[in-house]
Amino acid sequence: MQAVPSEFLAINRKERANKPFIELELRPPKERVCDFKPVIIPFDAETAMAQASRCIHCPDPAPCMQGCPTHNDIPSAMWLIEQGRFKEAAMIYHKTSSLPEICGRVCPHEQLCEGACVLNHDDQPVLTGELEVFVLDWEREHDPYVPEIAPDTGKKVAVIGAGPAGLACADQLRQRGHAVTIFDAKPAPGGLLTYGIPNFKLDKEVVFRRWKDLEAMGVEFVGNTYIGKDKTIDDLFAEGFDAVFIGVGTGIDAKMEVEGEDLPGVYEATEYLIRANVAPDYLPEELKGKPLEVEGKRVVVIGGGDTAADCLRSSVRMKAAEVTCIYRRTEAEMPGGAKDRNMAREEGAEYQFLTQPVRFIAGEDGKLSGVECVKMKLGEPGPDGRRRPKPIEGSNFVIPADIAVLAIGYWPDPTIGKTTPDLETHKWGLIKVVDPETGRTTREGVFAGGDAVTGPDLVVTAMVGGRKAAWAIDEYLRSKS
Ligand SMILES: Cc1cc2nc3c(=O)[nH]c(=O)nc-3n(C[C@H](O)[C@H](O)[C@H](O)COP(=O)(O)OP(=O)(O)OC[C@H]3O[C@@H](n4cnc5c(N)ncnc54)[C@H](O)[C@@H]3O)c2cc1C
């Protein structure tokens with residue numbers, strides 16, 4: 001439901017729809033490749049108000065609200081921003097989101113709220129994502145948000161994984177008066193917000209200040225603790241936790257299973273992005289003291305998703321001599337968003353389509369010197385409707401390379417499934433939930449959400465999974481009292 005119903009607004013839809021489109025301002029490619037700072041130039045108050053005034057206030061439920069997985073009441077926020085009522089607009093987002101300043105920055109808006117905007121018919125939607133960032137940053141500077149915390153319930157919940165799902169679950173549980181401790185295998189909180197998404201898309205400062213908010217609410221973080229190895233879910237119950245939330249994502253990089261994959265110079269995307277983007281203090285122990293040396297090197301990134309674009313763009317910023325993406329289908333089948341791909345191109349990355357690596361070749365020094373590839377053609381569609389790539393016999397060729405990065409997907413980590421009695425998992429290791437609306441699993445008192453349940457998806461969907469599970473855990477704990 002919209003807080004400011006459109007029928008009460010004195011608006012002229014036609015006049016609004018005819019207002020000129022205000023484009024997002026980006027730092028020029030030549031400037032932005034010199035650092036890892038954010039690429040988008042934030043709106044000032046005047047631009048934000050003008051941008052919000054383009055909203056034509058579709059009848060409830062507005063398409064943008066339906067396109068948003070957390071159903072932010074975007075039209076009401078637009079109405080308030082237009083009038084300069086920024087604090088009230090920020091409060092609208094807090095009602096439905098635990099990570100609004102983060103989702104505003106990293107959501108693929110063109111596929112969600114902005115994609116659903118009726119003004120998008122000619123690619124000129126209201127830029128709702130950037131407006132969300134504007135009001136949340138304004139609020140933090142002028143009148144920081146302090147949520148109300150219910151009186152202590154005496155119940156303790158263990159959250160496993162400090163990614164978007166775990167953070168959102170902790171936020172909602174703490175607001176309902178439960179004590180929350182988050183355990184994570186990594187030294188710092190954030191999950192892929194810290195150890196995946198590059199700084200030029202999401203400054204770590206934004207993640208850490210959101211973490212500080214949760215810490216101020218009383219949420220505890222215990223890092224460097226791998227549940228299933230350092231302790232089990234049974235141990236957590238024995239320690240006195242009343243319920244457990246699993247939000248461990250899908251952190252295992254997929255392998256290519258081809259010769260030479262373990263040569264020095266061949267990296268998994270996760271390690272490459274962590275080393276490129278995470279400050280030494282927050283590096284996991286095993287990656288400390290091993291700086292990435294990319295300057296002057298030829299980098300080949302394998303894969304067609306957003307992770308591949310992140311690796312390409314990180315390589316350019318680390319002053320690689322050549323940066324090439326290879327993908328086995330055509331550009332039309334690429335799963336990654338066009339926005340990131342276009343930015344990668346603007347920044348100097350090249351793309352080679354219908355190309356598949358078959359072998360990583362070592363030079364005389366034993367390190368990677370080239371990637372042997374084969375040319376592909378598209379065959380009949382597979383069960384997913386996408387045309388299957390087939391190798392063209394005898395088309396092998398070598399791309400000289402000093403570094404190759406595998407960005408070909410992620411698998412769930414089976415550890416928790418294997419070490420928790422009565423917790424069922426799917427064939428590939430994803431956690432089975434009995435009811436997707438609550439995240440309830442087959443083990444009593446254990447709930448799950450985020451990528452660990454859905455498979456690799458988005459920050460916003462993981463956050464929604466964490467919030468819904470928190471509401472169900474709250475109900476479960478109250479039913480036990
Ligand atoms: C490179 C990259 C870029 C991305 N860019 C975007 C983007 O721009 N926009 C977007 O919407 N989405 C993006 N995504 C997807 C998004 O980051 C994920 O969908 C989201 O982070 C999933 O959240 P989660 O909380 O389920 O898991 P995660 O963020 O993966 O967090 C899981 C946490 O659990 C911890 N953990 C795992 N196993 C254990 C264990 N046994 N014990 C203790 N801790 C454990 C991990 O250390 C991690 O901190 C990107 C993903 C990648 C890989």
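1. Domain bounds here come from an automatic or database domain assignment. The model is predicted. The chain is assigned domain 1 (6–142), domain 2 (156–251 + 412–480) and domain 3 (252–409).

2. Where does the ligand lie relative to domain 2 and domain 3? Both domains give residues to the shell around the ligand, so the ligand lies between them.

3. Domain 2 and domain 3 have C-alpha centres 30 Å apart. Their contact takes 13 residues from domain 2 and 11 residues from domain 3. On the domain 2 side, the touching residues are six nonpolar, five polar and two charged.

4. The ligand has 41 residues around it. Gly161, Gly163, Gly191, Gly249 and Gly450 come nearest. By class, the shell divides into 21 nonpolar, 12 polar and eight charged residues.

5. Which helices each supply at least two residues of the shell? They are α10 (164–175), α15 (306–317), α17 (415–419), α18 (451–454) and α19 (459–480).

6. Two of these shell helices, α10 and α19, also pack on each other: their axes come within 7 Å and cross at roughly 35°. The crossing is right-handed. From α10, the contact residues include Pro164, Leu167, Cys169 and Leu173. From α19, they include Val459, Met463, Arg467, Trp471 and Asp474. The α10 contact with α19 has 13 nonpolar, four polar and two charged residues.

Notes: Residues numbered from 1 in each chain as written. Predicted model: local features only at pLDDT ≥ 70, side-chain atom pairs only at ≥ 80, totals over all residues. Contact = placed C-beta atoms within 7 Å. Nonpolar A, V, L, I, M, F, W, Y, C, P; charged D, E, K, R; others polar. Near = placed C-beta within 6 Å. Helix = DSSP H or I, 4+ residues; strand = E, 2+ residues; numbered from the N terminus. Axes fitted to C-alpha atoms, helices over the stretch in contact; angles between N-to-C directions. Left-handed = near helix turned anticlockwise from the far one by under 90°.
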